[in-house]
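This report follows the chain through its strands and helices, and ends with a single residue in a loop. Please keep the structure in view while reading.

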Amino acid sequence: MTTLLYTHPVFLEHDTGYGHPECPARLTAILNALKHSSFAALQWRDAPLAAIEQLTRIHTATHVERTLSRIPKHGHYAIDGDTIVSPQSGEAALRAAGAVCAAVDAILQGEADNAFCAIRPPGHHAEPNQAMGFCLFGNAAIGAAHARAIHDLKRVAVIDFDVHHGNGTQAAFEHDPAYLYASTHQAYIYPGTGRREERGIGNIINVPLMANSGSADLRHAWRQDIEPALRQFQPQFILISAGFDAHRLDPLAELDFGEDDYRWLTQEILKVAAECCQGRVVSMLEGGYNLPALAASTAAHIKALMEAPLAA
């Protein structure tokens, strides 16, 4: 198997200010873990800048222009109480979305089997006309729309296991039957969306988990709700919003997952991908705020990508 890793130095220059949980050290911890010899086969690539056209397949032109115009020349600017930008944040956000689109292209052109995008800022809270929750542009949704527009795919799925519900991805997809969005997340926390009854046009699968849910609950959610819906949908491509903040050590939530859970869930997604879409998967970093747990969980996820089963 060939796994690509997309990243860029500018992601470390997206400065969110002192004490902010979505900090550059998150990415440093991940990249340091990936320097281990067990990841020597990873093919590293620079994340390119996304084109405005790629962003506006999901976001309004007003949102894109407004967001980029708010990037300060010096210091910080608060888009909201959680979403802080600094001089390099605009380039970082463009390269985050660009990484996912480039990874989609590479996989669909047969250059590799799958890819992980080690990017920031994250994306799944960014709604079509609003930046929020540390997110400027919806990286997963933009990648899915790119796969449809450029490669003429008819069915694209996003699986989201971040501890917070991806309200932005859901908002982008909920009226379009060409997309499936499936999310496990902790109930009753930010952003307050993701109830089971939020089903879009039947293409949204939300499985909210109660605080202190752990491995058994995750496995049940996958087998009972997500895997059957994914197989019925028969995706031609799968993207993963890989947030690792459901880890038991994470400070922002109260689920009880560990590295083995992320490895298991990744393997399960890859099994479906091997049967439905020739193993074509692109994953991208979302949340995860305890640095050792984030590094170990991401490493487990990427190792599973590198050991993906052969496509049927």
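In this predicted model, strand S6 (residues 156–160) and strand S7 (residues 179–186) are paired in the parallel sense, with five bridges between them. Within this pairing, Asp160 is found opposite Ser183 of S7. A second parallel pairing joins strand S1 (residues 3–7) to strand S2 (residues 43–46) over four bridges, and here Thr7 has Asp46 in S2 as its bridge partner. Together with helix H1 (residues 24–33), S1 and S2 form a β-α-β unit that is right-handed.

| Strand pair | Sense | Bridges | Residue pair |
|---|---|---|---|
| S1 and S2 | parallel | four bridges | Thr7 and Asp46 |
| S6 and S7 | parallel | five bridges | Asp160 and Ser183 |

These strands belong to an open sheet of eight strands, which pair in parallel and follow the order S2-S1-S5-S10-S9-S6-S7-S8. Because S2 and strand S8 (204–209) stand at the edges and have a single partner strand each, one side of each has no neighbour in the sheet. On average, and with direction ignored, neighbouring strands of this sheet are turned by 15° against each other.

Two helices can be described against this sheet. Helix H8 (residues 259–276) lies across strand S5 (114–117), S6, strand S9 (237–242) and strand S10 (281–285), and runs at about 165° to S9. Helix H9 (residues 291–306) also packs on the sheet, where it touches S1, S5, S9 and S10, and its direction makes about 165° with that of S5.

Helix H7 (residues 215–233) has 19 residues, which at 1.5 Å a residue should span 27 Å, and the separation of 25 Å between its end C-alpha atoms agrees with this. The helix nevertheless contains a kink of about 40°, centred on Trp222. Trp222 is itself among the buried residues of H7, which also include Leu218, Asp225, Glu227 and Phe233, and the elements covering the buried residues include S6, S7, S8, S9 and H8. Just after H7, Gln234 adopts a positive phi of about 55°.

Is Phe257, at 1% relative accessibility, buried or exposed? Phe257 is located in the loop between S9 and H8, and it counts as buried because its relative accessibility of 1% falls under the 20% limit. With neighbours within four places in sequence left aside, Phe257 is in contact with Leu209, Ser213, Gly214, Leu218, Ala246, His247, Arg248 and Tyr262; of these, Leu218 is one of the buried residues of H7. The C-alpha atom of Phe257 is separated by 28 Å from that of Ala131, which is 126 residues away along the chain.

How values were computed: Residues numbered from 1 in each chain as written. Predicted model: local features only at pLDDT ≥ 70, side-chain atom pairs only at ≥ 80, totals over all residues. Heavy atoms only, no water. Pairing = 2+ DSSP bridges. Right-handed = clockwise from strand over helix to strand, strands pointing away. Axes fitted to C-alpha atoms, helices over the stretch in contact; angles between N-to-C directions. Contact = heavy atoms within 4.5 Å. Expected span 1.5 Å × (residues − 1). Bend = angle between axes of the 7 residues up to and from the residue. Buried < 20%, exposed > 50% of the residue type's maximum accessible area, 1.4 Å probe, protein only.
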